[in-house]
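Trainee: Got a minute to walk me through this one? I'd like to start with the empty spaces.

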Amino acid sequence: MITTRRIKEAVSSVSLHHTDPRRLLHAAITPDRTDNPENLIQMKIKKIVKTVVTSAVVLLAIASLAACGEVKRGEYTSGTGAVFCEDGFKNILDEEIAAFEFEYKEAHILPFYMSEQACIDSLLADKCQSIIITRDFTKEERQHCKSVNRRIVRSNCIAVDAVAMIVNKDNPVSALSMDEIGKILRGEISRWDQLAGNDTTAIKVVFDSEGSSTVAYMRDKFLPEGKKITDYIKPYAQKNNAAVFDVVKNDPDALGIISVSWLGNDLSVAQKVPMDQRMEQYADENDSINTELTSEVNIIKVSNPCEDNDFSPVAYKPYQLYINSGDYPLFRKVWMISTASNSTMLHSFYTFVTGFVGQKIIIKSGIMPYHVNRRVVQLVK
């Protein structure tokens, strides 16, 4: 018998693989055995099924032509798509997806977490249509997508992140200057007693993966052009930010370098609340957000004495208030880049993340949203 499942599989294959619909239709309605006694019945309804499916394909083609016109925000909110994301922003993207799929029941987003360079390479190779990284695309990368992939690049800054320095709870070091951080990465400061206390053991610098945006940021910030961190020291590379956090929790000699979005308590607390209640909080324009950072590790204060601040020695933790003011010096922008067309679910997700609810979620992660009024953010000491 012809089943609804077989017809759905055929139609689904048309949309996912762009296969000739006539071939797929034939596969869906052709019996497995010619001597099946149900063949006569199937042959009689074959024409009916073929007419229905063919009509559906025609209607899909008409809809595709109509998509060339103006598309209302959020109109296309069903289907399946993938987002490739720098591992440092996993907590944020997981919650963005949960909220979007709760709001739009027919939407299904598959997240893939990897190094920033892998995300960029995947979009350039047209293996995905949406990525989250810490820089915008260059003119040359945009041109490549347009001329080779036949896709238009859209990009939007969605957040201002910060890089945090973390140490074990038993480590007496509580503050570092930008100059000291540079010396650590260049091997000029290699033992903890050169900073505080009597511990003569070596400083174990712990990063996430080698191709991560955090490694690139610290390299560009503190090293001469063309140099790599491994030219000076031998850092301990982990597979992701979560692994860095775990190493620091258990090793008093470790100095972890990690995205601040991994250190906010508010998002982990919020995720214990049912999604319908979380959505109410995200949609509340008058809600005041208090963001606390984790107490499982010590978060290093960072100072940046320079001419711009009259050489102030005051050090700051990476709270949202200090990220926004620029007092915490290790900050960077986060970008969402998409080549998805207007008439797709992925484009709707792109507009969701940059909209009010999507930006409110970012507040709870501990970093700064780029598009929400800063008045909703306040510091908790």
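Mentor: Sure, we'll take the cavities, then a helix pair, a sheet and a pocket.
Mentor: Mind that this is a predicted model: local features need pLDDT of at least 70, side-chain atom pairs count only at pLDDT 80 or more, and totals for chains, interfaces and linings use all residues. Numbering starts from 1 along each chain as its sequence is written, and side-chain values use heavy atoms, with hydrogens and water left out.

Trainee: OK, how many cavities of 30 Å³ or more are there?
Mentor: Three. A cavity here is a set of points, on a 1 Å grid over the protein atoms alone, where a 1.4 Å probe fits but cannot get out. The largest has about 70 Å³ of space, where volume means the space filled by probe spheres set on the points, joined across faces, edges and corners.

Trainee: Which residues line the largest cavity?
Mentor: Among them are Cys 85, Phe 89, Ile 92, Glu 96, Val 334 and Ile 362; lining means an atom within 4 Å of a point. By class, nine are nonpolar, none polar and one charged. Nonpolar is Ala, Val, Leu, Ile, Met, Phe, Trp, Tyr, Cys and Pro, charged is Asp, Glu, Lys and Arg, and the others, Gly among them, are polar.

Trainee: And which helix gives the most to that lining?
Mentor: Helix α4, residues 90-103, with three residues. Helices (H or I, at least four residues) and strands (E, at least two) are DSSP runs, numbered from the N terminus.

Trainee: How do α4 and α14 cross?
Mentor: Their axes come within 10 Å and cross at roughly 145°. Axes are lines fitted to C-alpha atoms, for helices over the stretch in contact, and angles run from 0 to 180 degrees between N-to-C directions. In α4, Ile 92, Glu 95, Glu 96 and Ala 99 meet Gly 358, Ile 361 and Ile 362 in α14, with contact meaning heavy atoms within 4.5 Å.

Trainee: Switching topic: what order do the strands of the open sheet take?
Mentor: β5-β11-β12, with mixed pairing; two strands pair if DSSP finds at least two bridges between them. β5 and β11 run parallel over three bridges, and Ser 177 has Ser 303 in β11 as its bridge partner.

Trainee: Last one: what volume does the second largest pocket have?
Mentor: About 380 Å³. A pocket is an open set with protein on both sides within 12 Å along at least five of seven lines. Its lining has 19 residues, with Glu 210, Gly 211, Val 215, Ala 216 and Arg 219 nearest the centre.
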